[in-house]
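This report looks at charged pairs, strand pairing and surface character in a single protein chain. Please keep the sequence and the model at hand while reading.

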Amino acid sequence: MPDRDYNDNDQRTVQTKGNFNFNWEIIKGLSINYDFGLDYMHSHEDIYDSMKTLGGMENNVPRGSSTRGDASYLTWTSTSTIRFNKDFGKHKVEAYGGIELRSQQNKYLHLSGYGFANDYMKEIT
């Protein structure tokens with residue numbers, strides 16, 4: 001019997017991305033721009049190697065093996081700029097400035113265990 005008939009290997013992932021932009025001309029020649037972006041992802045994995053397969057054996061003793069994993073990633077970026085542009089007859093003045101802030105947070109959790117009583121009790125507690 002193939003391993004896939006006894007083993008479990010489930011993975012789920014959720015991901016979302018979003019962006020926001022705001023422009024405003026305060027007065028003629030003076031404007032501000034604001035951008036914000038967000039990226040979030042969460043992934044979960046459940047793996048179980050049955051006692052009836054080679055992956056679930058240790059030294060030819062059926063023990064079962066279970067692995068659980070979670071990962072979360074959150075990143076955001078914020079960019080603000082200001083622009084000044086003014087003509088004075090034959091002369092022109094231009095100025096541009098800005099700042100960008102960025103945050104990235106990653107969280108991981110990984111568990112594994114073996115020595116289960118049977119193939120129906122697969123959870124790590």
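## Terms and a partly exposed pair

A residue is called buried when its relative accessible area is under 20% and exposed when that area is over 50%, with partly exposed used for values in between. The structure shown is a predicted model, and everything below should be read with that in mind.

By this scale E58 is partly exposed, because its relative accessibility is 34%. E58 forms a salt bridge with R63, in which the closest N and O atoms are 3.3 Å apart, and R63, with a relative accessible area of 26%, is also partly exposed.

## A salt-bridge network across strands

The structure holds 5 salt bridges, and those that share partners join R12, D46 and R68 into one network. On one side of this network, D46 forms a salt bridge with R12, where the closest N and O atoms are 3.8 Å apart; this pair links distant parts of the chain, since D46 belongs to strand β2 (residues 30-49) and R12 to strand β1, 34 residues apart.

The other contact is the salt bridge between the side chains of R68 and D46, with a distance of 3.3 Å from N to O. Because R68 is located in strand β5 (residues 65-88) and D46 in strand β2, this pair ties together parts that are 22 residues apart in sequence. The partners differ in their cover: D46 counts as buried because its relative accessibility is 16%, and R68 is buried as well, whereas R12 is partly exposed, with a relative accessible area of 45%.

## The hairpin of β5 and β6

Strand β5, which carries R68, pairs with β6 in the antiparallel sense over 24 bridges. Within this pairing R83 stands opposite Y96 in β6. The hairpin formed by the two strands has 2 residues between them, and G89 there takes a positive phi near 65°.

How many of the 24 residues of strand β6 are buried? In strand β6 (residues 91-114) the number buried is 1, so the strand lies largely in the open.

## A nonpolar surface patch

Which residues make the nonpolar surface patch of about 510 Å²? The patch is made by F20, F22, W24, I26 and I27. Of these residues, I27 is found in strand β1, which covers residues 8-27, and I27 counts as exposed because its relative accessibility is 51%, where the cut-off is over 50%. Strand β1 is also the strand that contributes R12 to the salt bridge with D46.

Key: Residues are numbered from 1 along each chain as its sequence is written. This is a predicted model: local features need pLDDT of at least 70, side-chain atom pairs count only at pLDDT 80 or more; totals for chains, interfaces and linings use all residues. Side-chain values use heavy atoms; hydrogens and water are left out. Patches are made of residues with over 30% relative accessible area and no salt bridge: like charges are joined within 9 Å, nonpolar side chains (Val, Leu, Ile, Met, Phe, Trp, Tyr) within 5 Å. Accessible areas come from the Shrake-Rupley method with a 1.4 Å probe; for residues, only the protein chains shown count as cover. A salt bridge is a side-chain nitrogen of Lys or Arg within 4 Å of a carboxyl oxygen of Asp or Glu. Helices (H or I, at least four residues) and strands (E, at least two) are DSSP runs, numbered from the N terminus. Buried means under 20% relative accessible area, exposed over 50%, partly exposed in between (1.4 Å probe, protein chains only). Two strands pair if DSSP finds at least two bridges between them.
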